[in-house]
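Reader: Got a minute to go through this one with me? Let's put it on screen.

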Amino acid sequence: MKTVIAEHLVKTYRDGEVKALDDLSLDVEEGTVLSVLGPNGAGKTTTVRILATLLKPDSGNASVAGIDVIKHPDKVRELIGLSGQYAAVDETLTGWDNLVMFGRLYHLGKAASIKRAEDLLERFSLTESARRPIKTYSGGMRRRLDLAASLIVQPKVLFLDEPTTGLDPRGRQEMWGVIEELVKGGVTLLLTTQYLEEADQLADEIAVIDHGKVIARGTSDALKSQVGGERLEVIVDAAHIAPTTAIIEKISGQKANLDEALRKISAPVSTGSLALMDVLRALDEAKIHPLDIALKRPSLDDVFMSLTGHVAEEEVKA
Amino acid sequence: MKNAITDALIITKRQLLQLARVPEVLIFSTIQPVMFVLLFRFVFGGSISTGQPGGYVQLLMPGIFVQTVAFTLAATASGLAEDMKKGLIDRFRSLPIARSALVVGRTLGDSLLNILVLVVMAAAGFAVGWRPTASVLSVFSAFVFLLLFGYALSWTGIYAGLAVKDARTVQNVSFLITFPMTFLSNAFAPTTGMPKALQYVAEWNPVSTMVAACRQLFGLENQFGATANSFPSQHPLTTSIFYMVLIMVIFVPLSVRKYKNSSN
């Protein structure tokens with residue numbers, strides 16, 4: 001069953017001058033994670049805001065758990081949790097104050113709100129700082145508290161809009177751990193991100209969007225294979241570029257790419273590590289010592305770059 | 001409906017918690033008006049001849065009360081603008097709560113804050129010689145009208161906060177409006193000393209009608225210049241109530257609409 005459905009969403013700002021969404025459609029299967037991947041301004045936040053009832057599209061339909069978000073926003077609000085790009089909590093209040101307040105606003109009742117707040121603080125390792133104002137929290141702690149606030153009523157569907165933007169690597173790792181836990185609990189999650197690594201790590205499926213449209217979608221593996229298989233990359237001294245290129249092209253069977261600045265020669269290979277060993281052997285016979293040699297699976301970066309074209313030419317071809 | 005009220009009260013409670021967590025805000029929002037009381041009483045009080053039994057402070061206190069409740073709208077506006085910027089408004093709007101809760105809750109919180117500030121100021125006034133001569137009921141009703149005036153004005157603050165969306169800017173803008181409005185009035189000096197043209201402006205100013213109404217309720221005589229026989233001078237209380245209703249009729253629907261569409 002599709003828990004989240006968006007169909008042909010169009011949204012323009014400033015009287016049609018800026019087209020944020022241009023016939024965007026996507027859906028999320030129940031209990032899975034869809035990552036909406038795209039650069040700044042691609043329409044990620046607008047999509048989330050429409051699905052979370054904060055914004056009305058100019059046209060198109062959207063539903064969450066079978067309920068129309070445009071016709072019955074109040075019912076949808078009871079089923080969703082939303083955590084935005086900024087930690088949307090009251091900074092002057094403590095973590096405990098915030099969660100209890102949100103519990104009360106979900107009409108949990110006083111005792112239940114307190115209980116729920118304490119459980120969530122415990123679960124997100126915030127118990128020790130529960131009585132401190134949020135403004136003393138680190139970026140990662142704020143995001144965790146923000147996420148906790150969106151989980152007060154155990155939402156059926158969770159929207160996370162760039163949950164790790166602005167966090168340091170450690171904060172990001174922690175956040176990923178928390179999100180992975182949630183997913184194990186069976187929540188349906190729609191997550192937007194600019195980080196390809198993040199989509200790769202967390203999502204069952206990825207929708208790549210650019211200029212308000214979905215330009216590709218599929219599993220991480222499917223998207224990677226769309227770009228091509230593995231690539232062999234060799235870096236050598238300037239003097240050895242020509243013979244090395246010849247060797248690589250012979251083994252690869254395809255034209256190699258040269259990045260002159262890095263003295264990096266690369267070409268697609270279909271036989272994986274066998275090709276790597278063949279190249280090493282040939283280089284050894286030719287008395288060429290590579291400075292670096294690697295077999296690379298295409299990263300989501302490559303996928304994204306090749307789909308959106310926001311990249312130098314030599315990286316796109318595969 | 002019941003939920004709408006509880007939701008609003010939870011937002012009000014949030015505001016009170018903020019004050020409890022950052023008591024500096026409360027201290028400064030009471031120190032400023034008390035400082036005004038002392039400065040005007042002792043610095044200007046001696047040189048403004050009033051012919052008022054009990055001295056200048058009798059006329060001054062109603063003026064400062066009105067000014068203080070008018071100034072709180074800047075705090076309303078900047079608080080809301082801050083919530084907008086931090087994304088907190090989005091979170092509230094994604095919750096299954098009454099749409100009116102956030103703004104109504106905030107205006108109620110502002111009124112509670114006004115009660116506290118008025119009590120502190122009244123005490124300070126009393127300490128420097130303020131003695132209302134009217135009945136307890138009349139004095140009490142003056143404070144009720146002050147609170148209602150503050151409540152009506154906080155809706156303009158709500159609208160400004162939602163419209164401007166930047167706390168610092170909206171605070172400055174509010175101040176640029178409320179500061180001249182409270183001084184271009186009868187609050188601190190009789191309007192009779194102003195140029196004739198200005199007297200009309202000053203005496204029709206809602207701040208003046210409010211101050212005149214409070215003076216009346218505290219048992220004082222009002223002095224009017226150019227507009228001595230006009231309706232606002234003859235009936236300052238009725239005129240003030242009219243102004244409050246007018247402000248609410250304009251700004252409540254505007255604010256609610258702005259809030260609903262705050263991201264469209």
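Reader: Start with helix H5 of chain A. How many of its residues are buried?
Author: 10 of 11, so to speak of H5(A), residues 139-149, as mostly covered is fair by definition of a buried residue. Keep in mind that this is a predicted model.

Reader: Which ones are buried?
Author: The buried residues of H5(A) include Arg142(A), Arg143(A), Arg144(A) and Asp146(A). Met141(A), Leu145(A) and Leu147(A) are also among them.

Reader: What covers them?
Author: The cover includes strand S6 (80-83) and helices H3 (95-105), H4 (110-123) and H6 (169-184), which belong to chain A.

Reader: S6 sits in a sheet, right? What is the strand order there?
Author: S6-S7-S8-S3-S9-S10, in chain A. That is an open sheet of 6 strands with mixed pairing. S6 and S10 (213-218) are the edge strands, each pairing on one side only. From one strand to the next, the twist averages 15 degrees.

Reader: How do S9 and S10 pair?
Author: Antiparallel, over 5 bridges, with S9 of chain A spanning residues 205-210. Within that pair, Ile209(A) has Val214(A) in S10(A) as its bridge partner.

Reader: Which strands of this sheet does H1(A) touch?
Author: H1(A) packs on the sheet and touches S3 (33-37), S7 (157-161), S8 (188-193) and S9 of chain A. The direction of H1(A) makes about 150 degrees with that of S7(A).

Reader: Now the other sheet, the one with S1. What is the order?
Author: S2-S1-S4-S5 in chain A. These 4 strands form an open sheet, and the pairing is antiparallel.

Reader: Why do S2 and S5 each have a side without a neighbour?
Author: Strands S2 (18-29) and S5 (67-68) of chain A are at the edges, each with a single partner strand, so one side of each has no neighbour in the sheet.

Reader: How many bridges join S1 to S2?
Author: 9 bridges, with S1 of chain A covering residues 2-13. Ile5(A), for one, has Asp27(A) in S2(A) as its bridge partner.

Reader: Which strands does H1(A) lie across here?
Author: Helix H1(A), residues 44-51, lies across S1, S2 and S4 (59-64) of chain A. H1(A) runs at about 120 degrees to S1(A).

Reader: Switching to the interface. How many residues of each chain are in contact?
Author: 20 residues of chain B contact 25 residues of chain A. On the chain B side, helices H1 (2-21) and H4 (88-93) each supply at least two residues. H1(B) gives the largest share, 7 residues.

Reader: Nonpolar, polar or charged on that side?
Author: A mix: the chain B side that touches chain A has 7 nonpolar, 6 polar and 7 charged residues.

Reader: And the core? Which residues have the most contacts inside the largest one?
Author: Leu51(A), Phe159(A), Val66(B) and Cys214(B), in a nonpolar core of 136 residues. Helix H3 of chain B (56-85) gives the most to this core, 17 residues.

Reader: What does Val66(B) touch?
Author: Leaving out residues up to four places away in sequence, Val66(B) touches Leu146(B), Phe149(B), Ala187(B), Val207(B), Met210(B), Val211(B) and Cys214(B).

Reader: Which residues are in the second core?
Author: That separate core has 13 residues, including Val236(A), Ala256(A), Ala267(A) and Leu283(A).

Reader: Last one. How much of chain A is buried?
Author: 45% of its 318 residues count as buried. Chain A has 12 helices and 14 strands.

Definitions and conventions
Residues are numbered from 1 along each chain as its sequence is written. Chains are lettered from A and ligands numbered from 1 in the order in which they are written. This is a predicted model: local features need pLDDT of at least 70, side-chain atom pairs count only at pLDDT 80 or more; totals for chains, interfaces and linings use all residues. Two strands pair if DSSP finds at least two bridges between them. Two residues are in contact if their C-beta atoms, placed from the backbone, lie within 7 Å. Axes are lines fitted to C-alpha atoms, for helices over the stretch in contact, and angles run from 0 to 180 degrees between N-to-C directions. A residue is buried if 20 or more other C-beta atoms lie within 10 Å of its own, exposed if 12 or fewer, and partly exposed in between; C-beta atoms are placed from the backbone. Ala, Val, Leu, Ile, Met, Phe, Trp, Tyr, Cys and Pro count as nonpolar, Asp, Glu, Lys and Arg as charged, and the others, Gly among them, as polar. A nonpolar core is a set of buried Ala, Val, Leu, Ile, Met, Phe, Trp, Tyr and Cys residues joined through C-beta atoms within 7 Å.
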